[in-house]
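Dear colleague,

Please find below the structure that I am handing over to you. My notes on it follow directly after the sequence and the coordinates.

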Amino acid sequence: MRIASEPFYGSYYAGLIRKIEHGTQLHIDFAPLEQSGWEVCTITAQLSWTLLLEKCREVI
């Protein structure tokens, strides 16, 4: 296991942070299908998870 890298750009960040404010369509985040031509397309397995954070609203 290692962090992927590109010859002219260096190492990838081993994560992704995304702010979605008004929802998103059902989708997959799988590098080989989305990033053709990059080293991340050569992976054989990928681990991911979703963390949903919401503001708490005070109920009176």
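Where is the place of Leu53 in relation to helix H1 (31-34)? Leu53 belongs to the segment that comes after this helix. Please bear in mind throughout that this is a predicted model.

Leu53 is a suitable residue with which to begin. Its relative accessible area is 71%, so Leu53 is exposed, the cut-off for that class being over 50%. Together with Leu47, Trp49 and Leu51, Leu53 makes a nonpolar patch of about 610 Å² on the surface.

Overall architecture

The secondary structure of the protein amounts to 1 helix and 2 strands. Read from the N terminus, these elements follow the order β-β-α. The radius of gyration of the protein is 16 Å, whereas a compact globule of 60 residues would have a value near 10 Å. The C-alpha trace spans about 55 × 20 × 20 Å along its principal axes. One pair illustrates a separation within the chain: Tyr9 and Ile60 are 51 residues apart in sequence, and their C-alpha atoms are separated by 53 Å.

Of the 60 residues in the protein, 8% are buried. The protein exposes about 6600 Å², and carbon and sulfur atoms supply 58% of that area. As for contacts between residues at least 6 apart in sequence, 31% of them join residues at least 24 apart.

The aromatic pair

How many aromatic pairs does the count come to? The count is 1 aromatic pair. Its members are Tyr9 and Trp38, whose ring centres are 5.8 Å apart; the planes meet at 45 degrees, so the pair is classed as tilted. Which parts of the chain does the pair tie together? Tyr9 is in the loop between strand E1 (5-6) and strand E2 (10-11), while Trp38 is in the segment after H1, so the pair links parts that lie 29 residues apart in sequence.

The two partners also fall into separate accessibility classes. Tyr9 has a relative accessibility of 65% and therefore counts as exposed. Trp38, at 37%, counts as partly exposed.

Ser5 in strand E1

Ser5 is located in strand E1 and is partly exposed, with a relative accessible area of 31%. Which residues does Ser5 touch, leaving aside those up to four places away in sequence? They are Gly10, Ser11, Tyr12 and Glu39. A further distance concerns Val40: this residue is 35 residues from Ser5 along the chain, and the C-alpha atoms of the two are separated by 8.2 Å.

Ile43 and Gln25

Ile43, like Leu53, has its place in the segment after H1. The relative accessible area of Ile43 is 29%, and Ile43 is therefore partly exposed. When residues up to four places away in sequence are not counted, Ile43 touches Phe30, Ala31 and Pro32. Ile43 and Gly23 are 20 residues apart along the chain, and 28 Å separates their C-alpha atoms.

Gln25 is found in the loop between E2 and H1. Is Gln25 buried or exposed? Its relative accessibility is 66%, so Gln25 counts as exposed. The C-alpha atoms of Gln25 and Lys55 are separated by 22 Å, the two residues being 30 apart along the chain.

In brief

Three findings may serve as a record of this handover. The radius of gyration is 16 Å, against near 10 Å for a compact globule of 60 residues. The aromatic pair of Tyr9 and Trp38 ties together the loop between E1 and E2 and the segment after H1. Leu47, Trp49, Leu51 and Leu53 form a nonpolar surface patch of about 610 Å².

With kind regards

Terms used:
Residues are numbered from 1 along each chain as its sequence is written. This is a predicted model: local features need pLDDT of at least 70, side-chain atom pairs count only at pLDDT 80 or more; totals for chains, interfaces and linings use all residues. Side-chain values use heavy atoms; hydrogens and water are left out. Patches are made of residues with over 30% relative accessible area and no salt bridge: like charges are joined within 9 Å, nonpolar side chains (Val, Leu, Ile, Met, Phe, Trp, Tyr) within 5 Å. Accessible areas come from the Shrake-Rupley method with a 1.4 Å probe; for residues, only the protein chains shown count as cover. A salt bridge is a side-chain nitrogen of Lys or Arg within 4 Å of a carboxyl oxygen of Asp or Glu. Helices (H or I, at least four residues) and strands (E, at least two) are DSSP runs, numbered from the N terminus. Buried means under 20% relative accessible area, exposed over 50%, partly exposed in between (1.4 Å probe, protein chains only). Rings of Phe, Tyr and Trp (its six-membered ring) pair if their centres lie within 6.5 Å; planes under 30 degrees apart count as stacked, over 60 as edge-to-face and the rest as tilted. Contact means heavy atoms within 4.5 Å. The radius of gyration is taken over C-alpha atoms; the globule rule is 2.2 Å times the number of residues to the power 0.38.
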